[in-house]
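Me: Hi! I'm new to reading protein structures, and I'd like to practise on this one. Could we go through it together, question by question?

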Amino acid sequence: MDINGKIVILLEYSHIGNLENNRARAYKDSKLGIINSEGKVIIPIEYTNIGNFENNRPQAYKDGKIGIINSEGKVIIPIEYTNIGNFENNRSHVHKGKKQGIINSKGKVIVPVEYNYIGRFHNGHAKAQRNNKMIFIDEMGNEV
(Lines give C-alpha, C1' and ligand atoms only; values in the text may rest on other atoms or scores of the structure.)
Protein backbone atom coordinates (compact mmCIF):
# COMPACT_ATOMS: atom_id res chain seq x y z
CA MET A 1 0.00 0.00 0.00
CA ASP A 2 1.07 3.56 -0.50
CA ILE A 3 0.86 6.19 2.29
CA ASN A 4 -2.81 6.85 1.43
CA GLY A 5 -3.78 3.18 1.88
CA LYS A 6 -4.17 2.49 -1.84
CA ILE A 7 -3.03 -1.00 -2.87
CA VAL A 8 -0.08 -0.55 -5.19
CA ILE A 9 1.17 -4.13 -5.37
CA LEU A 10 -1.39 -6.92 -5.39
CA LEU A 11 -1.23 -9.51 -2.65
CA GLU A 12 -0.05 -12.29 -4.94
CA TYR A 13 3.44 -12.63 -3.49
CA SER A 14 4.39 -14.57 -0.37
CA HIS A 15 7.09 -12.01 0.45
CA ILE A 16 8.40 -8.74 -0.99
CA GLY A 17 11.86 -7.47 -0.04
CA ASN A 18 12.90 -3.90 0.60
CA LEU A 19 12.61 -1.45 -2.27
CA GLU A 20 16.06 -0.33 -3.46
CA ASN A 21 16.65 1.68 -6.63
CA ASN A 22 12.99 1.15 -7.57
CA ARG A 23 13.42 -2.65 -7.40
CA ALA A 24 12.29 -5.22 -4.87
CA ARG A 25 12.68 -8.97 -4.69
CA ALA A 26 9.32 -10.71 -4.95
CA TYR A 27 8.70 -14.31 -3.92
CA LYS A 28 5.88 -16.52 -5.13
CA ASP A 29 5.56 -20.32 -5.01
CA SER A 30 9.21 -20.71 -3.87
CA LYS A 31 10.43 -18.69 -6.86
CA LEU A 32 12.01 -15.26 -6.97
CA GLY A 33 11.88 -12.32 -9.36
CA ILE A 34 12.14 -8.54 -9.29
CA ILE A 35 9.29 -6.04 -9.34
CA ASN A 36 9.31 -2.23 -9.38
CA SER A 37 7.50 0.10 -6.97
CA GLU A 38 4.31 -0.08 -9.08
CA GLY A 39 4.30 -3.89 -8.90
CA LYS A 40 5.37 -4.38 -12.51
CA VAL A 41 7.48 -7.50 -12.97
CA ILE A 42 10.93 -6.47 -14.18
CA ILE A 43 12.57 -9.89 -13.90
CA PRO A 44 10.23 -12.90 -14.16
CA ILE A 45 9.35 -14.77 -10.97
CA GLU A 46 11.18 -17.96 -12.02
CA TYR A 47 14.53 -18.04 -10.22
CA THR A 48 15.65 -19.77 -7.03
CA ASN A 49 18.06 -16.92 -6.28
CA ILE A 50 19.26 -13.68 -7.84
CA GLY A 51 22.57 -12.12 -6.81
CA ASN A 52 23.22 -8.46 -6.15
CA PHE A 53 22.94 -5.80 -8.83
CA GLU A 54 26.41 -4.30 -8.31
CA ASN A 55 27.19 -4.02 -12.03
CA ASN A 56 23.57 -4.45 -13.17
CA ARG A 57 24.53 -8.05 -14.01
CA PRO A 58 23.41 -10.28 -11.17
CA GLN A 59 24.03 -13.99 -11.11
CA ALA A 60 20.76 -15.87 -11.51
CA TYR A 61 20.06 -19.38 -10.27
CA LYS A 62 17.47 -21.69 -11.75
CA ASP A 63 17.03 -25.47 -11.67
CA GLY A 64 20.42 -25.97 -10.01
CA LYS A 65 22.27 -23.95 -12.65
CA ILE A 66 23.73 -20.47 -12.70
CA GLY A 67 24.00 -17.74 -15.34
CA ILE A 68 24.04 -13.96 -15.50
CA ILE A 69 21.15 -11.65 -16.35
CA ASN A 70 20.98 -7.89 -16.74
CA SER A 71 18.84 -5.49 -14.73
CA GLU A 72 15.91 -5.99 -17.15
CA GLY A 73 16.04 -9.79 -16.85
CA LYS A 74 17.69 -10.47 -20.23
CA VAL A 75 19.97 -13.50 -20.03
CA ILE A 76 23.55 -12.37 -20.73
CA ILE A 77 25.29 -15.65 -19.87
CA PRO A 78 23.16 -18.77 -20.30
CA ILE A 79 21.87 -20.38 -17.12
CA GLU A 80 23.70 -23.65 -17.75
CA TYR A 81 26.75 -23.61 -15.49
CA THR A 82 27.30 -25.06 -12.02
CA ASN A 83 29.71 -22.23 -11.14
CA ILE A 84 30.86 -18.94 -12.63
CA GLY A 85 33.99 -17.33 -11.20
CA ASN A 86 34.78 -13.65 -10.89
CA PHE A 87 35.59 -11.85 -14.11
CA GLU A 88 39.18 -10.74 -14.62
CA ASN A 89 40.39 -9.18 -17.85
CA ASN A 90 36.95 -9.72 -19.41
CA ARG A 91 36.94 -13.48 -18.79
CA SER A 92 35.86 -15.98 -16.17
CA HIS A 93 36.30 -19.66 -15.37
CA VAL A 94 33.04 -21.59 -15.63
CA HIS A 95 32.13 -25.08 -14.53
CA LYS A 96 29.68 -27.66 -15.77
CA GLY A 97 29.91 -30.35 -13.16
CA LYS A 98 33.58 -31.33 -12.92
CA LYS A 99 34.58 -29.78 -16.25
CA GLN A 100 35.96 -26.25 -16.63
CA GLY A 101 36.19 -23.72 -19.42
CA ILE A 102 36.48 -19.97 -19.88
CA ILE A 103 33.92 -17.47 -21.15
CA ASN A 104 34.08 -13.76 -21.85
CA SER A 105 31.79 -11.19 -20.21
CA LYS A 106 29.25 -11.56 -23.04
CA GLY A 107 28.97 -15.31 -22.47
CA LYS A 108 31.01 -16.38 -25.50
CA VAL A 109 32.96 -19.56 -24.81
CA ILE A 110 36.66 -18.80 -25.23
CA VAL A 111 38.03 -22.09 -23.91
CA PRO A 112 35.66 -25.07 -24.24
CA VAL A 113 34.23 -26.55 -21.04
CA GLU A 114 36.17 -29.80 -21.36
CA TYR A 115 39.07 -29.44 -18.93
CA ASN A 116 39.45 -31.03 -15.50
CA TYR A 117 41.49 -28.02 -14.41
CA ILE A 118 42.51 -24.62 -15.78
CA GLY A 119 44.91 -22.46 -13.80
CA ARG A 120 45.31 -18.70 -13.87
CA PHE A 121 46.78 -17.07 -16.93
CA HIS A 122 50.31 -15.64 -16.71
CA ASN A 123 51.91 -14.03 -19.74
CA GLY A 124 49.09 -15.35 -21.92
CA HIS A 125 49.36 -19.01 -20.87
CA ALA A 126 47.74 -21.25 -18.26
CA LYS A 127 48.35 -24.75 -17.03
CA ALA A 128 45.41 -27.04 -17.79
CA GLN A 129 44.48 -30.68 -17.42
CA ARG A 130 42.42 -32.63 -19.90
CA ASN A 131 42.07 -36.42 -19.99
CA ASN A 132 44.59 -36.77 -17.14
CA LYS A 133 47.25 -34.97 -19.19
CA MET A 134 48.77 -31.67 -18.06
CA ILE A 135 49.22 -29.13 -20.85
CA PHE A 136 49.57 -25.39 -21.34
CA ILE A 137 46.96 -23.42 -23.23
CA ASP A 138 46.88 -19.90 -24.57
CA GLU A 139 44.03 -17.44 -23.90
CA MET A 140 42.01 -18.92 -26.78
CA GLY A 141 42.31 -22.51 -25.51
CA ASN A 142 44.95 -23.61 -28.02
CA GLU A 143 47.58 -26.02 -26.73
CA VAL A 144 51.06 -24.51 -26.68
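Me: Which side chain makes a polar contact with the side chain of S105?

Reply: Good place to begin, and keep in mind that this is a predicted model. S105 lies in the loop between strand 11 (99–104) and strand 12 (109–115). Leaving out residues up to four places away in sequence, S105 touches R57, I76, I77, F87 and N90. One of these also makes a polar contact, side chain to side chain, at 2.3 Å: the partner is N90.

Me: Is N90 buried, partly exposed or exposed?

Reply: Let's place N90 before we judge it: it belongs to the loop between strand 9 (83–84) and strand 10 (91–96). Its phi is near 70 degrees, a positive value in a residue other than glycine. The relative accessible area of N90 is 46%, and because the middle class runs from 20% to 50%, N90 counts as partly exposed.

Me: And N132, is that buried or exposed?

Reply: N132 also sits in a loop, here between strand 14 (125–130) and strand 15 (133–138). It is not a glycine, yet its phi is positive, about 60 degrees. With a relative accessibility of 70%, and the cut-off for this class being over 50%, N132 counts as exposed.

Me: Why is strand 11 largely enclosed by the rest of the structure?

Reply: Start with its partners. Strand 11 pairs with strand 10 in the antiparallel sense over six bridges, and three bridges join strand 11 to strand 12, again antiparallel. Strand 11 is largely enclosed because, of its six residues, the number buried is five.

Me: Which residue of strand 11 is the bridge partner of R91?

Reply: Strand 10 and strand 11 form a hairpin with two residues between them, and G97 in the turn has a positive phi of about 65 degrees. R91 has another feature too: its charged end sits over the ring of F121, 4.6 Å from the centre. In strand 11, the bridge partner of R91 is N104.

Me: Which residue of strand 12 is the bridge partner of I102?

Reply: Here we look at another hairpin, made by strand 11 and strand 12 with four residues between them. In its turn, G107 has a positive phi of about 95 degrees. Across this pairing, the bridge partner of I102 is V111.

Me: Is I118 buried or exposed?

Reply: I118 lies in strand 13 (residues 117–118). Apart from neighbours within four places in sequence, its contacts include H93, Q100, I102, V111, A128 and I137. The relative accessibility of I118 is 4%, and since anything under 20% belongs to this class, I118 counts as buried.

Me: How far apart in space are I118 and S14?

Reply: In sequence, these two are 104 residues apart. For the distance in space we go from C-alpha to C-alpha, and the value is 42 Å.

Me: Which strands stand at the edges of the open sheet with the order 5-6-7-8?

Reply: This sheet has four strands with antiparallel pairing. An edge strand has a single partner strand, so one side of it is left without a neighbour in the sheet. The strands that fit this are strand 5 (49–50) and strand 8 (75–81).

Me: Which residue in strand 6 stands opposite I50?

Reply: Strand 5 and strand 6 (residues 59–62) run antiparallel, and two bridges join them. Opposite I50, in strand 6, stands A60.

Me: The charged end of R23 sits over the ring of which residue?

Reply: A search for aromatic pairs across the whole structure finds zero. A charge over a ring is another matter: the charged end of R23 is 4.1 Å from the centre of a ring, and that ring belongs to F53.

Me: What radius of gyration does the chain have?

Reply: Let's finish with the whole chain, which has zero helices and 15 strands. Its C-alpha atoms fill a box of roughly 70 × 25 × 20 Å along the principal axes, and 34% of the 144 residues count as buried. A compact globule of 144 residues would have a radius of gyration near 15 Å, but the value for this chain is 19 Å.

Conventions:
Residues are numbered from 1 along each chain as its sequence is written. This is a predicted model: local features need pLDDT of at least 70, side-chain atom pairs count only at pLDDT 80 or more; totals for chains, interfaces and linings use all residues. Side-chain values use heavy atoms; hydrogens and water are left out. Two strands pair if DSSP finds at least two bridges between them. A polar contact is a pair of N or O atoms within 3.5 Å; within protein, one must be able to donate a hydrogen and the other to accept it, and residues adjacent in sequence count only if both atoms are side-chain atoms. Contact means heavy atoms within 4.5 Å. Rings of Phe, Tyr and Trp (its six-membered ring) pair if their centres lie within 6.5 Å; planes under 30 degrees apart count as stacked, over 60 as edge-to-face and the rest as tilted. A charge sits over a ring if NZ of Lys or CZ of Arg is within 6 Å of the ring centre and within 35 degrees of the ring normal. The radius of gyration is taken over C-alpha atoms; the globule rule is 2.2 Å times the number of residues to the power 0.38. Buried means under 20% relative accessible area, exposed over 50%, partly exposed in between (1.4 Å probe, protein chains only).
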